[in-house]
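Q: I'd like to learn how to read metal sites and ring contacts in a protein model. Could you walk me through it?

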Amino acid sequence: MLQTTKKKMIATKGYAALDANSPLAPFSFQRRSPGPRDVLLEILYCGVCHSDLHQIRNEWGPGIFPMVPGHEIVGRVKKVGDQVKKFSPGDIGAVGCLVDSCRECENCKQGLEQYCYNGPVGTYNSYERDGKTPTYGGYSDRIVVNEDFVLKVPSNLALEAVAPLLCAGITTYSPLRHWKVGKGHKVGVLGLGGLGHMAVKFASAFGAEVTMLSTSPAKEADSKRLGASRFVLTTEPANVKELRGYFDFIIDTVSAPHDYNMYLRMLDTNGVHICVGAPPTPSQFRGMTLIANRRSIAGSSIGGLPETQEMLDFCSAYHIVADVEVIAIKDINAAYERMLKGDVKYRFVIDMSTL
Ligand SMILES: [Zn+2]
Ligand SMILES: [Zn+2]
């Protein structure tokens, strides 16, 4: 006789885009009930990342719809599978951009799940390892994730301000750690938004001298409050000239097209221009600008699970969180409009109790 195992599903509420042209709207769907190693989180807060908007609008290629965005998730553990060791009901847990990976490749073995050779499983707009079950993100009231992909949240930080650490935080923390940025280094941060404000906080916490590079004079006071010791308006050619050969590193958070050559010339010998924002169209740079001073242009994507936990623990020790504006979920479409205009300091976070 054919055996069938009917798995109980969990009714879940959220907000979804039904296609690439629709605003987000209430959406009901189902999540799997927790398996032996799964954690069920009741979502408390979810950060609003610029990539949420890129993905629901198909700007990063065809998306999987309906799409429930959200990968900066903080929640309370409601239920755990019987083999879960890290969490108990009542604990606070967090989920970032990944909910699974192959766990077998060289990168996964090194805790670099974001670079899994077999493709990590994204928290939304992705398929589970079975290749057919879509993943749904944190603009929802609950989520079920294998405990290996759930982070422990330090108890001394405001939870709404922790949420953006899961993407904006780790995206800037990871390259600063990889290139061992610290005391004695001069770091330029390009762009003061969700990513840029975290880059300023981390680079200055690591002991580097931080300069905010901006096209907007209105950003000066804030960048200094966040930890930058210097602010340079790059619309003034004389300012740009003065910075020639100055920096050891530039963290480039800008995802609109911009002139890389201008910034590359600001790098000292062996300087590295680290891209964490990517314009939608290919960029051009002069090979000779790299060659002349052994400069590099590099990129970096989020962080693996061990490093993400390390970042949260670092944030706990140094009291670092994101600057956030908490919103109700009904205001998400208006928040996207404001985000497009750069009108947020510096991350919207959805209070999921408003769902
Ligand atoms: Zn993100
Ligand atoms: Zn892998």
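A: Sure, we'll take the metal site, then the aromatic rings, then charges over rings. Keep in mind that this is a predicted model.

Q: Let's start with the metal. Which residues coordinate the zinc ion (ligand 2)?

A: Look for the atoms that act as donors. Here they are the SG atoms of C102, C105, C108 and C116, sitting 2.3 to 2.4 Å from the zinc ion (ligand 2). Along the chain, these donors are spaced as C-x2-C-x2-C-x7-C.

Q: And how do I read the geometry of the site of the zinc ion (ligand 2)?

A: Go by the angles at the metal: the ideal value for four tetrahedral donors is 109.5 degrees. In this case the angles among the 4 donor atoms run from 103 to 120°, and the site counts as tetrahedral.

Q: Is C108 buried or exposed?

A: Relative accessible area tells you, and under 20% means buried. C108 comes out at 8%, so it is buried. C116 is buried too, at 7%.

Q: On to the rings. How many aromatic pairs does a search of the whole structure find?

A: A pair of aromatic rings is described by the distance of the centres and the angle of the planes. The search turns up 11 aromatic pairs. One of them is F29 with Y136: the centres are 4.7 Å apart and the planes make an angle of 55°, which is called tilted.

Q: Which parts does the pair of F29 and Y136 tie together?

A: F29 belongs to strand β2 (residues 25-32), while Y136 is in the loop between β7 (121-122) and β8 (142-146), so the pair links parts that are 107 residues apart in sequence. F29 is buried at 7% relative accessible area, and Y136 is buried at 14%.

Q: What does an edge-to-face pair look like here?

A: Try Y173 and F202, with 5.2 Å centre to centre and 75° between the planes. Y173 sits in helix α4 (residues 168-178) and F202 in helix α5 (residues 194-205), so this pair ties together parts 29 residues apart in sequence. Y173 is buried, at 0% relative accessible area, and F202 is buried with 0% as well.

Q: Which residues form one aromatic cluster with Y173 and F202?

A: F206, F314 and Y318 join them in that cluster.

Q: Last one: which charged residue lies over the face of F206?

A: That's R177, at 4.0 Å from the ring centre. Elsewhere, K152 has its charged end over the ring of F87, 4.8 Å from the centre.

Definitions and conventions. Residues are numbered from 1 along each chain as its sequence is written. Chains are lettered from A and ligands numbered from 1 in the order in which they are written. This is a predicted model: local features need pLDDT of at least 70, side-chain atom pairs count only at pLDDT 80 or more; totals for chains, interfaces and linings use all residues. Side-chain values use heavy atoms; hydrogens and water are left out. Donors are N, O and S atoms within 2.8 Å of the metal (3.2 Å for Na, K and Ca); water is not among the atoms, so sites may look incomplete. Four donors count as tetrahedral if all angles lie between 85 and 135 degrees; four count as square planar and six as octahedral if opposite donors are over 155 degrees apart and all others between 65 and 115; anything else is irregular. Buried means under 20% relative accessible area, exposed over 50%, partly exposed in between (1.4 Å probe, protein chains only). Rings of Phe, Tyr and Trp (its six-membered ring) pair if their centres lie within 6.5 Å; planes under 30 degrees apart count as stacked, over 60 as edge-to-face and the rest as tilted. Helices (H or I, at least four residues) and strands (E, at least two) are DSSP runs, numbered from the N terminus. A charge sits over a ring if NZ of Lys or CZ of Arg is within 6 Å of the ring centre and within 35 degrees of the ring normal.
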